[in-house]
Amino acid sequence: MKTGEPHCPGDEDETFKDGITNGAHWYDVEGGMQDYNYVWANCFEITLELSCCKYPPASQLQQEWENNRESLITLIEKVHIGVKGFVKDSVTGSGLENATVSVAGINHNITTGRFGDFHRLLVPGTYNLTVVLTGYMPLTVYNIVVKEGPATQVDFSLRPTVTSLIPDTTEAVATASTVAIPNIPSETSSSYQPIQPKDFHHHHFPDMEIFLRRFANEYSNITRLYSLGKSVESRELYVMEISDNPGVHEPGEPEFKYIGNMHGNEVVGRELLLNLIEYLCKNFGTDTEVTDLVRSTRIHLMPSMNPDGYEKSQEGDSIGVTGRNNSNNFDLNRNFPDQFVQITDPTQPETIAVMSWMKAYPFVLSANLHGGSLVVNYPFDDDEQGLATYSKSPDDAVFQQIALSYSKENSQMYQGRPCKNMYPNEYFPHGITNGASWYNVPGGMQDWNYLQTNCFEVTIELGCVKYPLEKDLPKFWEQNRRSLIQFMKQVHQGVKGFVLDATDGRGILNATISVAEINHPVTTYKTGDYWRLLVPGTYKITASARGLGQSAEYRHIWSLEISNKPNISEPEEPKIRFVAGIHGNAPVGTELLLALAEFLCLNYKKNPAVTQLVDRTRIVIVPSLNPDGRERAQEKDCTSKTGQTNAHGKDLDTDFTSNASQPETKAIIENLIQKQDFSLSVALDGGSVLVTYPYDKPVQTVENKETLKHLASLYANNHPSMHMGQPSCPNKSDENIPGGVMRGAEWHSHLGSMKDYSVTYGHCPEITVYTSCCYFPGAAQLPSLWAENKRSLLSMLVEVHKGVHGLVKDKTGKPISKAVIVLNEGIKVHTKEGGYFHILLAPGVHNINAIADGYQQQHSQVFVHHDAASSVVIVFDADNRIFGLPRELVVTVSGATMSALILTACIIWCICSIKSNRHKDGFHRLRQHHDEYEDEIRMMSTGSKKSLLSHEFQDETDTEEETLYSSKH
Ligand SMILES: [Zn+2]
């Protein structure tokens, strides 16, 4: 090898001086491992060509070993040359990882390992080494002599910079086993200036990639380079994050973004953002402004949204369009969904990537950097008529303020006469303009940010020339550097804070923050944090949260209200709830409730019976009480207990006590049960086929047992097999449950159950329905399960209209709410707003007592029919006497069917937010089988001709495509 004349067949004349060669000098290898080692890691790698013959015969191997033995050993020994040592904290003495070790005159840094150790290979000579680490004073050791043989040991002891971010003049301590003169940067606080970027040239994609990777590598403690995906031509859509905790959303810390080069031939933004990366990285830890900004803000910089277009554009292009669009020739700034105009162009990969990015991060403020003019353009970018007129957003004042924060720092922009040669008449006072008042841009990114996310974005035109000459780049940095920083600082304006759950202090995701008189709510992020940009002033701010609450792992516990007047109180209507998924491993109930919701929604205004039910009943559906367990559950596993408990390992059906500990339980108790306005609750579970009624805890007597049993039997009797009482589940094939109904404690006794709590504290009867032996049946079973349970589920909706419903008022007709109605000396309900009450009772004669503050208790009897509600009107005579003497009580008992209620033609409204894909799939699978399982069903319990509900519950929807779950975007 050392002769340098390999004489390999085919290349007989090839020679290498001393048997070595620079790789590229020999021939170009792109993507080689050796360079990667050197550039991206601390390792020096060489590539050895050992023989002309790639795969020599075995007989030659011994000779090869002899040829290379000494060389291989010698190479290993070389790992010890140069300088080695440790970098330590001068206070604690602990090793410092990831410190950068640089050698003056050699543009290649290495970093320290886990224990602060480093090995810098060097040939003999004299060197100056500098060690830099964020949060510490940089330290240089001069005149380190490196000799042949083992490395010179030099340890660095770095002084932390705790208070002052400006380098002070106190001497740092260095220890070195060789000649070492401790030194520190010569600058003093008075003469201190931030370091300005030096890399001013046009970065084509490979150069940009190298630039980004270099900074991500060198400043790994404050950077994270990531990609949003790929452009049409498969270029990475890079984003550089700069933060003191890269990769982490710090609760309360706002997130900011700059996007450059959306139009490929508008390149100034791209270069400015690279400059900005350099500026932030190099000044972090030394410049107060930069350090404060990076510590208090999570900054995301996307130098190029359209890297393909950039490669097509030409330096010097002033007003051209070559390279403006992406590779599919679509203008990305006309590619976003618009509030006024239907955008018909296909949404481009770059657009999709950026949209999902914006949905994933809690961005507060953003700017989209363009070229071709010199102005800050703020929403809205278009208006309904497509005219060039001022199109005001609700946050016009905020947008003007943030736009000005940029233009003010760019003196040329602030003058407002951007491109005198090109557009002599154009004038933007103070260098800002409303987008639409300039010209209409439908499908722009800026408005989409504002309308679809919490982020406020403006569009900044950086100069009249779209692709200026390279020599002008330093001028652009100079003109915009203050603006770029000042604009970022605006992310800290206005109001910020947290929305927390009052019961346990946990942050609430997706709560709404509204500012009075500004029609633009923002929402909270995962830890309940929010930011609301506002101009100085006094505001009234309201926070509100949807859903019942969140699970231990912050999943929403959704409740779906189905009513002709959702969100409006209708106390005269009975209220029923369906709850499923208390055991996450049994999502069979969840799927049935979603099917029920779909059935009701799709048949509203199509099937008269469904329409009447929805019009007259308040239906609340909670499909998944334990979403964390549901996510852990094993699909198609009929017996697995995985996911039965919540994420804290608690069986939620044992947590319904006065000191409930789990967030899921508390959500149900506080938002449903304690409201005490439900007349009936049906809980769905899995693992058998039967219905249980209260109590689950062992008790001697059950109040109102006949009613509870009646409700349970009603469900079982409307089910094709449940009432036969033989679930025949595997392992329990000999079970015999009379009528398919059992008291909870007799079947599986336990404390802290939901239905016991509902009966005791919610004054609401609850039954638990076990709909299938299998906890988690496959999708193929869902249609038949729905068919089996549909009639039973609907019978509950009909049943809630029976029993006794009444009205309590005083003699003047004023309704009395919060009166106590006691039935059969046991069950108690309170009258609701409007004086209404509703109690389910088994058919027969029942005693009724009414108690209200300031009135004398009264009692009477009521006869409950099997097929219709009994109405009761209680009129109290006001008690004028101080201690309350008996007064006449008028109790009108009517055996008539429900008095006619005014039918209001209202549009059904569903919270269509329950649309996790898994659920959605379940639905679609279910709906494909409509024809097979649909048949005519007449409700047995509504046999009376007089009943307004005696209609067939036929599914009137005709198309498979019709679904409420299709999303807009
Ligand atoms: Zn543009």
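User: Where is Glu49 found in this model?
Analyst: Keep in mind that this is a predicted model. UniProt lists Glu49 along with Glu461 for "active site", in an unreviewed entry. In the fold, Glu49 is found in the loop between helix 2 (33–40) and helix 3.

User: Is Glu49 buried or exposed, or something in between?
Analyst: Buried would need under 20% relative accessible area, and exposed would need over 50%. Glu49 comes in at 48%, so it counts as partly exposed.

User: Which residues are the protein donors of the zinc ion?
Analyst: The donor atoms lie 2.0 to 2.6 Å from the metal. In sequence, the donor residues are spaced H-x2-E-x103-H. Glu266 shows up with two OE entries, and the histidines each come in through ND1, so the names you want, with the cut-off at 2.8 Å for zinc, are His263, Glu266 and His370.

User: How does the chain bring Glu266 and His370 into the site, and how many residues apart are they?
Analyst: The zinc ion takes donors from both Glu266 and His370. Glu266 is in the loop between strand 12 (255–260) and helix 5 (268–283), while His370 is in strand 14 (residues 363–370). The pair links distant parts of the chain, 104 residues apart.

User: What is the arrangement of the four donor atoms around the zinc ion?
Analyst: To count as tetrahedral, all angles would have to lie between 85 and 135 degrees. Here the four donor atoms subtend angles of 55 to 150°. That range makes the arrangement irregular.

User: Are Glu266 and His370 buried or exposed?
Analyst: The cut-off for buried is under 20% relative accessible area. Glu266 has 4% relative accessibility, so it counts as buried. His370 has a relative accessible area of 2%, and is likewise buried.

User: Which residues make the nonpolar surface patch of about 710 Å²?
Analyst: One of its members is Trp65, which sits in helix 3 (residues 61–77). With a relative accessible area of 44%, Trp65 is partly exposed. The full membership is Met1, Ile46, Leu48, Leu50, Trp65, Leu72 and Leu75.

User: How many salt bridges does a search of the whole structure find?
Analyst: Among them is the pair Asp331 and Arg334, with N to O at 3.9 Å. Asp331 is buried at 14% relative accessibility, whereas Arg334 is partly exposed at 22%. The search of the whole structure finds 32.

User: What is the distance between the closest N and O atoms of Arg235 and Asp308, and which parts of the chain do they tie together?
Analyst: The closest N and O atoms of this salt bridge are 2.8 Å apart. Arg235 lies in the loop between strand 10 (223–230) and strand 11 (236–242) and Asp308 in helix 7 (residues 307–312), so the bridge ties together parts 73 residues apart in sequence. On the acid side, Asp308 counts as buried, with a relative accessibility of 0%.

User: What about Arg632 and Glu553: how many residues apart in sequence are the parts they tie together?
Analyst: Their side chains meet in a salt bridge of 2.5 Å, N to O. Arg632 is in helix 16 (residues 627–632) and Glu553 is in the loop between strand 23 (549–550) and strand 24 (556–557), so the parts tied together are 79 residues apart.

User: Which residues are joined into one network by salt bridges?
Analyst: Arg632 is partly exposed at 34%, and Glu553 is partly exposed at 32%. As for the network, salt bridges that share partners join Arg224, Glu241, Glu255 and Arg298.

Definitions and conventions: Residues are numbered from 1 along each chain as its sequence is written. This is a predicted model: local features need pLDDT of at least 70, side-chain atom pairs count only at pLDDT 80 or more; totals for chains, interfaces and linings use all residues. Side-chain values use heavy atoms; hydrogens and water are left out. Donors are N, O and S atoms within 2.8 Å of the metal (3.2 Å for Na, K and Ca); water is not among the atoms, so sites may look incomplete. Four donors count as tetrahedral if all angles lie between 85 and 135 degrees; four count as square planar and six as octahedral if opposite donors are over 155 degrees apart and all others between 65 and 115; anything else is irregular. Helices (H or I, at least four residues) and strands (E, at least two) are DSSP runs, numbered from the N terminus. Buried means under 20% relative accessible area, exposed over 50%, partly exposed in between (1.4 Å probe, protein chains only). Patches are made of residues with over 30% relative accessible area and no salt bridge: like charges are joined within 9 Å, nonpolar side chains (Val, Leu, Ile, Met, Phe, Trp, Tyr) within 5 Å. Accessible areas come from the Shrake-Rupley method with a 1.4 Å probe; for residues, only the protein chains shown count as cover. A salt bridge is a side-chain nitrogen of Lys or Arg within 4 Å of a carboxyl oxygen of Asp or Glu. UniProt positions are given in the numbering used here, feature names are shortened, and annotations may be inferred rather than shown by experiment.
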